[in-house]
Amino acid sequence: MRGAGRPGDGAAGQDHAIGLNTLVHLQRRRPAPGPGHRLTLPDGMTAPLGCDAVAVPDRLGPFVVPKLPRVGCVYTDGSHWWWIVPSDSDYALPWPAPAHYAAGALVTGTARLIHRPEGTVPYTPPIPLYLALCRVTGVAPDWSRAVSA
């Protein structure tokens, strides 16, 4: 977007550009559709990088865990397993179907904690989680796919 005035006309006339990063962050901050609640971290845990969550159908969860170097907080709602990841872990990273990315760790229904890591940080590292999900779903990581012209 550009200001309406000419350069030098004061604040109203200054050029203002909105970058792609700003637009992406605005999109992420939109309210979640429908009712939802945020996954609650266990007492004593902190989320210095914010909190998002990645869900997979519960049948896949046990296949993902052994492929991870570190498992953070994991929740289940009876049909999905939810992993806590740092905010914006979906930036330029399309998570493979049937995974679902939940900005703000907002989920519908009730989820209970099934794994708590040692220490105070709730995160599962997002890149190893992404690679593990790609492996168990048979999807090539996005960066390894051929680019067409």
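Student: What makes V54, W83, W95, L129 and L133 notable in the largest nonpolar core?

Tutor: Among the 19 residues of that core, V54, W83, W95, L129 and L133 touch the most other members. The set is called a nonpolar core because it consists of buried Ala, Val, Leu, Ile, Met, Phe, Trp, Tyr and Cys residues joined through side-chain atoms within 4.5 Å. Buried means under 20% relative accessible area, exposed over 50%, and partly exposed in between (1.4 Å probe, protein chains only). This is a predicted model, in which local features need pLDDT of at least 70 and side-chain atom pairs count only at pLDDT 80 or more, while totals for chains, interfaces and linings use all residues. Residues are numbered from 1 along each chain as its sequence is written, and side-chain values use heavy atoms, with hydrogens and water left out.

Student: Which elements give two or more residues to the largest core?

Tutor: They are β2 (52-57), β4 (80-85) and α3 (126-137), and α3 gives the most, with 5 residues. Helices (H or I, at least four residues) and strands (E, at least two) are DSSP runs, numbered from the N terminus. The chain has 3 helices and 7 strands, in the order α-β-β-α-β-β-β-β-β-α. A second core of 13 residues is separate, and A53, W82, V107 and Y123 are among its members.

Student: Why is L131 called partly exposed?

Tutor: L131 has a relative accessibility of 36%, which lies between the two cut-offs, and therefore counts as partly exposed. L131 is placed in helix α3, whose buried residues are L129, Y130, A132, L133 and C134.

Student: What do the buried residues of α3 pack against?

Tutor: They pack against β2, α2 (61-64) and β4; contact here means heavy atoms within 4.5 Å.

Student: How do you know that the span of α3 is close to the expected one?

Tutor: The expected span is 1.5 Å times one less than the number of residues. With 12 residues, α3 is expected to span 16 Å, and the distance from its first C-alpha to its last is 16 Å, so the two agree closely. After α3 comes G138, with a positive phi near 75 degrees.

Student: What share of the chain is buried?

Tutor: Buried residues make up 32% of the 149 residues. Of the contacts with a separation of 6 or more, 75% are between residues 24 or more positions apart.
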